[in-house]
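Hi everyone, thanks for making time. I'd like to walk you through a protein chain, starting wide and then zooming in. Have a look at it first.

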Amino acid sequence: MDCQDKIYSEEYEDYIVEYGSQPELVSEQYQTDCYQLADSRLAVVYLEGSAVEESRRNAELEIPRCFGLLSSTQTLEETGTARVRRQPQLELFGQGVMFGIVDTGDGVR
């Protein structure tokens, strides 16, 4: 199975991992050649779900901040997101933000 097949496979899981300053070690550390560098410190690795030990999944492979679907002003208010955004001293302008798209599988192929 090539890397593109792994990305689309339901048997593989995607993890955002921090690799530090040595991207060449991602392959060795996660024992896969199927990964993509997202920026200067984060990569997305694609690992077979059944091969990832539960202890490793909960300890090492963490998404830094994983957000759910936010589709309305009401949701933003309920989660407290809007209140935090309105704090002028926080200067939340989006610099350094990683943007992700969540595919819920509801679309037509």
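I'll go from the whole chain to a pocket, and then to two residues.

One thing before we start: this is a predicted model. Okay, the big picture. The chain has five helices and three strands. If you start at the N terminus and walk along, the elements come in the order α-β-α-β-β-α-α-α.

How much of the chain is buried? Of its 109 residues, 22% count as buried. The accessible surface comes to about 8900 Å², and carbon and sulfur atoms account for 47% of that. Now think about who touches whom along the sequence. If you take the contacts between residues at least 6 apart in sequence, 52% of them join residues at least 24 apart.

Next, the pocket. How do you find empty space in a protein at all? Rolling a probe the size of a water molecule over the atoms shows where space is left. The second largest pocket here holds about 220 Å³ of space. Twelve residues line that pocket, and the ones closest to its centre are Y30, Q31, L47, E48 and A51. Which strand gives the most to the lining? That's β3, residues 42-48, with three residues. Sorted by class, the lining has six nonpolar, two polar and four charged residues.

Now let's zoom in on T32. You'll find T32 in the loop between α2 (26-30) and β2 (35-37). So is T32 buried or exposed? T32 counts as buried, because its relative accessibility is 8%, and the cut-off for buried is under 20%. What does T32 touch? Leaving out residues up to four places away in sequence, T32 touches S27, V45, Y46 and L47. L47 should ring a bell, since L47 was among the residues closest to the centre of our pocket. There's also a link to the backbone: the T32 side chain reaches the backbone nitrogen of C34 at 3.0 Å.

For contrast, let's jump to R85. This residue lies in helix α5, which covers residues 81-85. R85 has a relative accessibility of 54%, and exposed means over 50%, so R85 counts as exposed. R85 still has contacts, though: leaving out residues up to four places away in sequence, R85 touches L76 and L92.

So, to wrap up, keep these two residues in mind: T32 is buried at 8%, and R85 is exposed at 54%. Try finding both of them on the structure yourself. Thanks, that's me done!

Note on methods:
Residues are numbered from 1 along each chain as its sequence is written. This is a predicted model: local features need pLDDT of at least 70, side-chain atom pairs count only at pLDDT 80 or more; totals for chains, interfaces and linings use all residues. Side-chain values use heavy atoms; hydrogens and water are left out. Helices (H or I, at least four residues) and strands (E, at least two) are DSSP runs, numbered from the N terminus. Buried means under 20% relative accessible area, exposed over 50%, partly exposed in between (1.4 Å probe, protein chains only). A polar contact is a pair of N or O atoms within 3.5 Å; within protein, one must be able to donate a hydrogen and the other to accept it, and residues adjacent in sequence count only if both atoms are side-chain atoms. Contact means heavy atoms within 4.5 Å. Accessible areas come from the Shrake-Rupley method with a 1.4 Å probe; for residues, only the protein chains shown count as cover. On a 1 Å grid over the protein atoms alone, a cavity is a set of points where a 1.4 Å probe fits but cannot get out, and a pocket is an open set with protein on both sides within 12 Å along at least five of seven lines; lining residues have an atom within 4 Å of a point. Grid points are joined across faces, edges and corners, and a volume is the space filled by probe spheres set on the points. Ala, Val, Leu, Ile, Met, Phe, Trp, Tyr, Cys and Pro count as nonpolar, Asp, Glu, Lys and Arg as charged, and the others, Gly among them, as polar.
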